[in-house]
Amino acid sequence: MSIAHVVYGLRLAANLTIPGVAVQLDSNAFNVPIWFREWKTFPSECLQYIDPFRPSSDPDNLPNLRVGVLRGGDHLVFCYRDGVRFVVERQGREVWCDWRENYTLEDACTYLLGPVLGFVLRLRGVVCLHASAVAVGDRAIALVGLPGAGKSTAAAAFACAGYPVISDDVVALEDHGERFLVQPGYPRVNLWPDSVRRLFASEDALPRITPTWEKRYLPLDRNGHHFASKPLPLAAVYILDSRDPALTAPVMEDVSGKEAFMALLANTYVNYLLDQNMRRTEFDVLGRVVAEIPIRRVRSPDEPSAIFGLCEAIAADARRGMATAPENPTPVAG
């Protein structure tokens, strides 16, 4: 029996419940089957490598991820260094997953809910930002920035201030021509221990994602924290810049044209595996986002408590922008 979930606008049908993701009742309405440990002929190694992703932090210079093509070319295989493996049908229509005996479903789903489904979306023509998104009124704002900029920390601070979070890490932009809808992710914000300490004083204030990871998560369905479960129109993108100890309040500036385009291009999701058609779609979508959506760069004070003031400043700026916008489209139910 399939278990139905909806993540990033994808309707998933899995043979096991995906941790942290709500189960849907309409189990027959799905478009991506997910098979956990159900493929008897799951490959033991890649047959042809495609641009292995090599994180600079890897001291052995060994790839954290190897991506290959299975014989016949109809499936891609993702082999992670820790033994978790995925096979993805070339059009993003089906996914298989396997892992080592000493791993867990929770471990595997850290990849599934991030880069694997992010790549499935790209295969299906959906451009994703490496970002977090929160709801301000009936609109969505996206928070982008280089690694360490504090996207997830800011999303968690927004949640603590009562703003619903739409998605963390992956922001899927559903293209409606004249506007873009941000699709909901799942009701968690994932945080490194230093961010948990910054927000809640102790890293033990939040549970671990898995027993093998230091990373924690903030549940968005309890303790006054909210999850925006419907898609919302994108109203603005905020680029989180470096923190400045000389500042006493956040400073914002408009970014436009080529600078805005390059900033968004640097913050798209799984952009290391795009083919020519996927890159062409990305350029088209980002060009229209830059032309239609305000892009703002934000610098904030370098104080741990400044994160809450930063969120309120961004929310106030977003509201001003929405009030002066020529249109105020009604959200589309999803």
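Start with the whole structure in view: a search of it turns up one cavity of 30 Å³ or more. Keep in mind as you go that this is a predicted model.

**Stop 1: the cavity**

Select Ala149, Gly150, Arg198, Leu240, Asp241, Arg243, Val298, Ser300, Pro301, Ala306, Ile307 and Leu310, and show their side chains; these residues line the largest cavity. The space they surround has a volume of about 100 Å³. Now colour the lining by class: you should find seven nonpolar, two polar and three charged residues. Which helix gives the largest share of the lining? Highlight residues 306-324, helix α6, which supplies three of the lining residues.

**Stop 2: Ser305, in the loop before α6**

Next, select Ser305, in the loop between β17 and α6. Is Ser305 buried or exposed? Turn on the surface to check: Ser305 has a relative accessible area of 55%, so it counts as exposed, the cut-off being over 50%. Now add Arg198 to the selection. The C-alpha atoms of Ser305 and Arg198 lie 7.6 Å apart in space, while 107 residues separate the two in sequence. You have met Arg198 already, as one of the residues lining the largest cavity.

**Stop 3: step back to the whole protein**

Zoom out and switch to a cartoon view. The protein has six helices and 17 strands. Of its 334 residues, 53% are buried. The accessible surface comes to about 15,400 Å², and carbon and sulfur atoms account for 50% of that. Pairs such as Ser305 and Arg198 invite a look at contacts in general: among contacts between residues at least 6 apart in sequence, 64% join residues at least 24 apart.

**Stop 4: helix α5**

Select residues 276-292 to bring up helix α5, which has 17 residues. From its first C-alpha to its last, α5 reaches 24 Å, close to the 24 Å expected at 1.5 Å a residue. Show the side chains of Met278, Glu282, Val285, Leu286, Arg288, Val289 and Val290, which are buried. What do the buried residues of α5 pack against? Add these elements one by one: α1 (105-123), β8 (127-136), β11 (170-175), β12 (180-182), α4 (257-265) and β17 (295-299).

**Stop 5: two residues with positive phi**

From α5, move to the loop between α4 and α5 and pick Val270. Val270 is not a glycine, yet its phi is positive, at about 45°. With a relative accessible area of 5%, Val270 is buried.

For another example, select Asn223, in the loop between β14 (216-219) and β15 (232-240). Asn223 also has a positive phi without being a glycine, here about 55°. Its setting can be read from the surface: Asn223 counts as exposed because its relative accessibility is 68%, and the cut-off for exposed is over 50%.

**Stop 6: Tyr163 and its contacts**

Finish at Tyr163, in the loop between α2 (151-160) and β10 (165-167). Is this loop residue, Tyr163, buried or exposed? Tyr163 is buried, with a relative accessible area of 10%. To see what surrounds it, select Ala135, Val136, Phe158, His226, Glu312, Ala315 and Arg319; Tyr163 touches each of them, leaving aside residues up to four places away in sequence. Finally, draw a distance between the C-alpha atoms of Tyr163 and Val134: they are 6.8 Å apart in space, and the residues are 29 apart in sequence.

How values were computed:
Residues are numbered from 1 along each chain as its sequence is written. This is a predicted model: local features need pLDDT of at least 70, side-chain atom pairs count only at pLDDT 80 or more; totals for chains, interfaces and linings use all residues. Side-chain values use heavy atoms; hydrogens and water are left out. On a 1 Å grid over the protein atoms alone, a cavity is a set of points where a 1.4 Å probe fits but cannot get out, and a pocket is an open set with protein on both sides within 12 Å along at least five of seven lines; lining residues have an atom within 4 Å of a point. Grid points are joined across faces, edges and corners, and a volume is the space filled by probe spheres set on the points. Helices (H or I, at least four residues) and strands (E, at least two) are DSSP runs, numbered from the N terminus. Ala, Val, Leu, Ile, Met, Phe, Trp, Tyr, Cys and Pro count as nonpolar, Asp, Glu, Lys and Arg as charged, and the others, Gly among them, as polar. Buried means under 20% relative accessible area, exposed over 50%, partly exposed in between (1.4 Å probe, protein chains only). Contact means heavy atoms within 4.5 Å. Accessible areas come from the Shrake-Rupley method with a 1.4 Å probe; for residues, only the protein chains shown count as cover. The expected span of a helix is 1.5 Å times one less than its number of residues.
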